[in-house]
Amino acid sequence: MSTVERLMPELAGAGPRTRAAVTVAVVAMPAALAGEVALTASGRAAGSSALAYAVVMTVGFISMMTVLALRAAMPSSDRRVWIALTAAVGMWMAGTVWESTIGHADGAAIGPADALWLSFYPLAYLAVVLRGRNTMRLARILRVDGLVSVLSVGAVAWLLVVDPIIASARLTHAETAVNTAYVTGDLGVMGLVVGMLALHGWSAGRGWGLLATGLAVFAAGDSIYLAQLAKGTYVEGSPLDGLWAAGLVLMALAAWQPAPVARKGPPTVAVLAPPFGFALAALSVLVYAGVQRAPAVSVMLAAGAVLASMARTALTFSDIRRLAEVRRQATTDDLTGLPNRRHLDRSLGARLDAAGVQGTSLALLLIDLDRFKELNDTLGHRAGDLVLEQIGPRLRAVLCSTDELARLGGDEFAVVLSDADDAEAVGRRIHQALEAGLTVDGIDVRIGASIGIALFPEHGDDAETLLQRADVAMYQAKAARSGHAFYERDRDSHSRERLALIGELRDAIGTDQLVLHYQPKLAVETGAVRDVEALIRWNHPQRGLLPPAAFVPLAEQTGVMGELTWHVVDAALHQIAQWYEQGIDLSVAVNVSAATLLDEGWAADLSSALVRHGVPASRLRIEITEDALMGDAERALRVVESLVATGIGVSVDDFGTGYSSLGLLKHLPVDELKIDRTFVRDLLTDPADAAIVQSVVDLGGRLGLRTVAEGVEDARTLDRIAEYGVTVAQGYHIARPIPADELERWVTARAVAA
């Protein structure tokens, strides 16, 4: 990289011709400036050396305009900046040429050259503003700050500099006004540059530094010129002329500096310093005018600066109000009006810090609505939104004023309790509030929830840890259908492993890692075992035997549930075929997902699989849940009808826990109802559960359906369901799920004992 390119970094991106031309011009500029200084300092700018002085000035003008014009011609995001600055310098040079060649009319104090010179200032002001807008987003306030600075500097300059000069000088009013405009214009542009430097944190880079220095040198030349003119000591061709040339050279060099880096983060307090300082200066002028005589022009400029400062204050308040609204929207959930996750993260962190200092406890409750997806799919997204809108007030009603409620997204809510001892009681109240039912378009909808509870400081001392552990507890509550659960450290590693299994599950499908265990079903009346249910297990090479709750939800989340279902069906059919050859007469029930019931070609594929394995359709039973029927009831009904037409038995699993209606059950060609374990488990002690079981058995009998009681854990429960007329019993009292070879031995031993 050449010396010129190091001095002007942006030149590296220009074409070879541009680089050559600018290089020559940059060398010529300081040479011409040195020549001008030498000639004026030696007093040889006039007389016999006038021609040499004119040549030096011409070379300087051409070289400066070349540097600026070539920069303005380059395509870039800040091209308009350099077009404006090139025009400003061009106007000033045009005025100089006019004054040198034509001069003023006879007897005229001012002339066209002054108009050209004065055109420099608005164009320079425009260049500074455009330069600032490339990295500033406060353009509206920036323009007002510029106006405040121009008016304030003008007021102070007129009071301290111009008025004393006018009072002591023999200048006409026109001469005074024009020459004062030079100084005021310079200082106004300088004031704007100072504001820009403040907005950049006073680290704006070499480009702003050269531009500011060039304008300062230029302003110094105008001020000295006005003072000398007032005293009658100004001589054309004096060293003072070199100040203007030096200022223009610095501006030309600024054009080839890299653009300032956009400021990161919000502006600092330094942003307020320039407008505050200029406004204070204007107020000082007005205060001075109240106790001493002050020039009218200075007072009017100061008053204008104060009014502009007031306008800036109004704009600031408007921006603050707008930012406050944006901040509110950024921390509020649009649908429910509740605080969102961003707000909760910030608020929870602050609450934890305060609790740590005060030595108090907190509880975080993570609430996930049960079966909300099925409800949303059944009644539509609008109905789902209406339910969510009602959830907020319902939950708020059971909380204290010091507790905080937020919606995390989807069907997840969070509650921060200021007293951890209330966590379990609040969890129960939330369940009661939701069980009361919600009304959507005249339909009574009942929503359940799974609540995970994490305590501070027992379960974590920062927001991220508490949220993660409340999430673990929530999944524990959902898996156990317990309503709510506290975080348990000994189960946390399991939850973490559950997340780590996502990548391994897809690879495991289709391998011998995924195995089936079979749980026998007992015919209550005869004591015979003719049916088993196939339940999948994952024999993980590192983690051992994993139950379905550890990975089936992952299959649903990652879109491999269809592949997993086919793996189970294929393995079950293979085992049925083996038992059929061995003379073991067992039918196998397989659970299928909701997505499977929406595939209208699945029944035909299953029929082909039966033929391929040589298994009679009567040996296979498909178990479906109530909720699986609700996504698209008509399509699911067609799939079920196709299965039954093939000869496959169909059962409704977990009956009584979903959203299905008796009207739908009436049309389903099923032959078996499985009563959910939640009703069977406590029927000996809970009259409500006993009544539900009896009602389902009675319903099944009237519809000609077999009834299966899940979760039979002891002999007394088995005897009681026998009294109710349950057809089949299934549970640990009869047998746990076991591998196929163990089941064969179990069946054989049972037959021998009989």
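This is a short tour of a predicted model, moving from a sheet to the helices on it and then to one buried leucine.

The model is predicted, and local features need pLDDT of at least 70, side-chain atom pairs count only at pLDDT 80 or more, and totals for chains, interfaces and linings use all residues. Residues are numbered from 1 along each chain as its sequence is written, and side-chain values use heavy atoms, with hydrogens and water left out.

**The sheet**

Select the open sheet of five strands, whose order is β2-β3-β1-β6-β7 with mixed pairing; helices (H or I, at least four residues) and strands (E, at least two) are DSSP runs numbered from the N terminus, and two strands pair if DSSP finds at least two bridges between them. At the edges stand β2 (404-409) and β7 (484-486), each of which pairs on one side only. On average, and with direction ignored, neighbouring strands of this sheet are turned by 20° against each other, where axes are lines fitted to C-alpha atoms, for helices over the stretch in contact, and angles run from 0 to 180 degrees between N-to-C directions.

Next, zoom in on β2 and β3 (residues 412-417), which pair in the antiparallel sense over five bridges, and find Gly409 opposite Glu412 in β3.

**Helices on the sheet**

Now add helix α12 (residues 341-358), which packs on the sheet and touches β1 (362-370), β2, β3 and β6 (448-456), contact meaning heavy atoms within 4.5 Å; the direction of α12 makes about 140° with that of β2. Helix α14 (residues 381-396) also packs on the sheet, touching β1, β2 and β3, and its direction makes about 155° with that of β2.

**From α14 to α15**

Keep α14 selected and show helix α15 (residues 423-435): the two pack at an angle of about 135°, with their axes 9 Å apart. That makes α14 oblique to α15, since angles under 35 degrees count as roughly parallel, over 145 as roughly antiparallel, 65 to 115 as roughly perpendicular and the rest as oblique. In the side chains to display here, Ile391, Arg394 and Leu395 of α14 meet Ile430, Ala433 and Leu434 of α15.

**A buried leucine**

Finally, select Leu68, which lies in helix α3 (residues 50-73). Leu68 counts as buried because its relative accessibility is 0%, the classes being buried under 20% relative accessible area, exposed over 50% and partly exposed in between (1.4 Å probe, protein chains only). Leaving aside residues up to four places away in sequence, Leu68 touches Leu85, Thr86, Val89, Met251, Ala252 and Ala255. The C-alpha atom of Leu68 is separated by 8.5 Å from that of Trp256, 188 residues apart along the chain.
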